[in-house]
Amino acid sequence: SGMVKWKGRPVACCGAASSLLLCFVTSIDEDEIEVFDCFFNEIVKKNLVGPNLSAEDLFGPDNVYTNFVTMSDGSYLPAPSMEKLKAVLEAKLVEYNESNAIMDLVLFKQAILHITRINRI
C-alpha cells in the first residue's frame, strides 16, 4: 500500500496494480495515449507473450476478431485475412442495399476495422 502521484495528485494504490491501472486509464488524455500504449505493450509482452503467442501476432495490424466472417456459432474468431473480411462486408452491404435505402460505402481498411468494433456493441 502506498501513494503514487499522477499529474501531481496522490493516487491510492491499495496494493493492487489493477487499481492504479484503472485510475490511469480513466485519467489519460490524447497526448498520453501513446505513453499508455507503450506501457501496455511492454506489460503484455512481459507477462502474456510466449511460445504460442508472439507480440507481432498480438499487436499486428491485421489482428481482427469478428463473429461474421466465418460460419460459426457466433463466436468471435480471427478474420482469415483483410481481403476475406472486405469481401464478406461487401456482400453484407449488397444484401442490405437490396432491402433498404442504398448506402454507398467505400470499405477502406479503417472503415472495415471500425465496422468490426461497432459490431461488438
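How many helices and strands does the secondary structure of the chain come to?

1. Five helices and four strands is the count for this chain. Bear in mind that we're looking at a predicted model. Reading from the N terminus, the elements go β-β-α-α-α-β-β-α-α.

2. Some overall numbers for the chain. There are 121 residues, and 19% of them are buried. The accessible surface is about 9,200 Å², with carbon and sulfur atoms accounting for 59% of that. If you take contacts between residues at least 6 apart in sequence, 25% of them link residues at least 24 apart.

3. On to the inside. The largest nonpolar core is made of eleven residues: V64, F68, V69, A79, M82, L85, V88, L89, L107, I112 and L113. Both α4 (82–99) and α5 (109–119) put at least two residues into this core, and α4 has the largest share, with four. As background, nonpolar side chains tend to be buried together in soluble globular proteins.

4. Helix α4 is worth a look by itself. With 18 residues at 1.5 Å each, α4 should span 26 Å, and its end C-alpha atoms do sit 26 Å apart, so the expected and modelled values agree. Its buried residues are M82, L85, V88, L89, L93 and N97. As for what lies over them, the cover includes β3 (65–66) as well as α5.

5. L89 is a handy residue to click on. Leaving aside anything up to four places away in sequence, L89 makes contact with F68, L107, I112 and I115. L89 also belongs to the largest nonpolar core and is on the list of buried residues in α4.

6. Is T116, over in helix α5, buried or exposed? It counts as buried, because its relative accessibility is 2% and the cut-off for buried is under 20%. Again skipping residues up to four places away in sequence, T116 touches V64, T66, F68 and L85. Of these partners, V64, F68 and L85 are members of the largest nonpolar core. T116 and L89 are 27 residues apart along the sequence, with 9.7 Å between their C-alpha atoms.

7. Last, the outside. V35, F39 and I43 make up a nonpolar patch on the surface, and their combined accessible area is about 290 Å². F39 lies in helix α2, which covers residues 30–47.

How values were computed
Residues numbered from 1 in each chain as written. Predicted model: local features only at pLDDT ≥ 70, side-chain atom pairs only at ≥ 80, totals over all residues. Heavy atoms only, no water. Core = buried A, V, L, I, M, F, W, Y, C linked by side-chain atoms within 4.5 Å. Buried < 20%, exposed > 50% of the residue type's maximum accessible area, 1.4 Å probe, protein only. Contact = heavy atoms within 4.5 Å. Patch = residues over 30% accessible without salt bridge, like charges linked within 9 Å, V, L, I, M, F, W, Y side chains within 5 Å. Areas by Shrake-Rupley, 256 points an atom, 1.4 Å probe, with all protein chains shown as cover. Salt bridge = Lys/Arg side-chain N within 4 Å of Asp/Glu carboxyl O. Expected span 1.5 Å × (residues − 1).
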